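Let's take a friendly tour of the empty spaces in a protein model, with a stop at its surface on the way out. Have the 3D view ready and follow along.

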Amino acid sequence: MSATRTARRWVFGAAAVLTVLAALRLAVPAESVPGRMLGAVLDVGYASSVLRLTVPIAFAALGGIFAERAGVINIGIEGFLIVSALTSVIVARRLPWAGVTGPTALWLAFVAGVLVSVLVAGVFAVLTVRYRSNQVIAGLAVWLVALGLAPFITLTLFDSSSPTIGTLGTWPIPLLSQVPVVGPVLFDASPVVYMMLLATPLAWYALRYTRLGRRIRAAGENPKALDTAGVSVSRVRYAGVLVSGVLAGIGGAGFTVGQLGTFVAVGQTSIGGRGFLGIVAYLFGNYNPFAAVGGAMLFAGFDSLQLRLQQIGALDIPSELFGILPFVVVLVTITLVRRTRVPSALGEPYDGEE
């Protein structure tokens with residue numbers, strides 16, 4: 001499916017949903033429970049929240065696409081998000097001791113988070129490409145190690161299980177940010193939101209038109225042909241996994257310094273399964289970056305909705321039930337989406353170079 005066709009479907013679908021919601025908003029009394037729920041959705045703040053919550057899911061999805069297009073199953077991407085988010089908080093809290101504060105410290109923390117994510121991705125790549133470990137088990141190991149180390153490191157270094165830092169705030173674009181409705185959402189956003197909006201077409205273009213992108217796709221579809229052409233399949237797969245580490249690192253660190261300003265180290269951590277939502281997003285999008293980010297926005301939309309429903313207290317329902325709303329959507333999506341075409345050599349180690 002072409003990117004233009006995919007984008008057109010998403011735009012038409014979103015427009016149809018918004019039209020229905022707007023019609024219901026006019027028909028339903030504002031003070032009723034349904035009216036308050038609709039008011040929570042039809043709001044500029046809600047749209048901005050959806051974009052911010054999309055960031056970690058979208059970058060996880062884009063990273064997963066590069067790894068799996070290269071033939072490596074990467075379910076450890078949740079672990080990449082956790083280590084990058086944790087690293088960014090540690091660095092941001094330690095840099096003031098060296099006299100570095102403010103936005104400079106936050107950007108350095110962001111870069112450190114990305115670098116650590118790439119380092120973990122490199123270890124994962126060595127295990128799966130060099131030593132041909134089972135890719136699913138290696139991915140689970142990355143996630144479980146990150147999930148186990150995060151509270152230990154946090155409680156060792158800080159007095160709290162949720163150390164706080166500042167955020168990068170928003171970067172309003174002159175004139176465009178003053179445009180009604182669209183301006184505050186798209187042009188007065190966090191810099192990591194701009195990164196996401198830029199990374200999506202770049203990922204699509206890189207996979208489709210660059211030499212590295214073509215080789216990554218070949219490594220996942222027909223590694224023998226790539227090897228016959230004189231290109232190292234292993235190197236290409238290393239590159240695919242490392243790119244996934246870069247993108248997941250941007251998602252994890254960006255989610256922390258761009259929105260939360262903290263890292264919660266209890267339970268599923270502040271990442272809260274968004275890496276797994278990213279995996280579903282690219283399967284939902286059939287490995288197309290535009291469709292994958294669209295799927296990420298869908299999940300983020302329900303995530304933001306459950307947060308708002310908890311705040312307005314419109315329904316007498318325990319907050320824990322609201323929290324599972326995005327994952328219910330995931331289950332429904334997995335049930336309905338049956339036409340995902342995975343790369344032919346996905347998960348298969350290649351030993352033809354020996």
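Which residues line the second largest cavity? Keep in mind that this is a predicted model. The lining is made by Arg 52, Val 55, Ser 190, Val 192, Val 193, Gly 254, Phe 255, Gly 258 and Gln 259. The space inside comes to about 40 Å³. Three helices each hand over at least two lining residues here: α3 (44-69), α8 (191-209) and α11. Of these, α11 has the largest share, with four residues. By type, the lining splits into four nonpolar, four polar and one charged residue.

Now for the bigger picture on cavities. The structure has two of them at 30 Å³ or more, and the largest holds about 70 Å³ of space. Around that largest cavity you'll find Val 72, Thr 128, Val 129, Arg 132, Gln 135, Val 233, Ser 234, Arg 237, Pro 349 and Tyr 350. Two elements, α5 (102-130) and α11 (233-260), give two or more residues to this lining. Once again α11 gives the most, this time with three residues. The mix is five nonpolar, three polar and two charged residues.

Next, a pocket. The second largest pocket has a volume of about 240 Å³. Its lining counts 16 residues, and those nearest the centre are Val 83, Val 120, Val 145, Ala 146 and Leu 149. Helices α4 (77-94), α5 and α6 (135-157) each bring at least two lining residues, with α6 giving the most, six residues. As for character, 15 of the lining residues are nonpolar, one is polar and none is charged.

Here are the three spaces side by side:

| Space | Volume | Element giving the most |
|---|---|---|
| Largest cavity | about 70 Å³ | α11, three residues |
| Second largest cavity | about 40 Å³ | α11, four residues |
| Second largest pocket | about 240 Å³ | α6, six residues |

Last stop: the outside. A nonpolar surface patch of about 630 Å² is formed by Val 44, Ile 173, Leu 176, Val 179, Val 181, Val 182, Leu 186, Leu 197 and Met 297. Take Val 44, which sits in helix α3. Why can Val 44 count towards a patch? Patch residues need over 30% relative accessible area, and Val 44 makes that cut because its value is 33%, which makes it partly exposed. Helix α3, then, has Val 44 in it and also supplies residues to the lining of the second largest cavity.

How values were computed:
Residues are numbered from 1 along each chain as its sequence is written. This is a predicted model: local features need pLDDT of at least 70, side-chain atom pairs count only at pLDDT 80 or more; totals for chains, interfaces and linings use all residues. Side-chain values use heavy atoms; hydrogens and water are left out. On a 1 Å grid over the protein atoms alone, a cavity is a set of points where a 1.4 Å probe fits but cannot get out, and a pocket is an open set with protein on both sides within 12 Å along at least five of seven lines; lining residues have an atom within 4 Å of a point. Grid points are joined across faces, edges and corners, and a volume is the space filled by probe spheres set on the points. Ala, Val, Leu, Ile, Met, Phe, Trp, Tyr, Cys and Pro count as nonpolar, Asp, Glu, Lys and Arg as charged, and the others, Gly among them, as polar. Patches are made of residues with over 30% relative accessible area and no salt bridge: like charges are joined within 9 Å, nonpolar side chains (Val, Leu, Ile, Met, Phe, Trp, Tyr) within 5 Å. Accessible areas come from the Shrake-Rupley method with a 1.4 Å probe; for residues, only the protein chains shown count as cover. A salt bridge is a side-chain nitrogen of Lys or Arg within 4 Å of a carboxyl oxygen of Asp or Glu. Buried means under 20% relative accessible area, exposed over 50%, partly exposed in between (1.4 Å probe, protein chains only).
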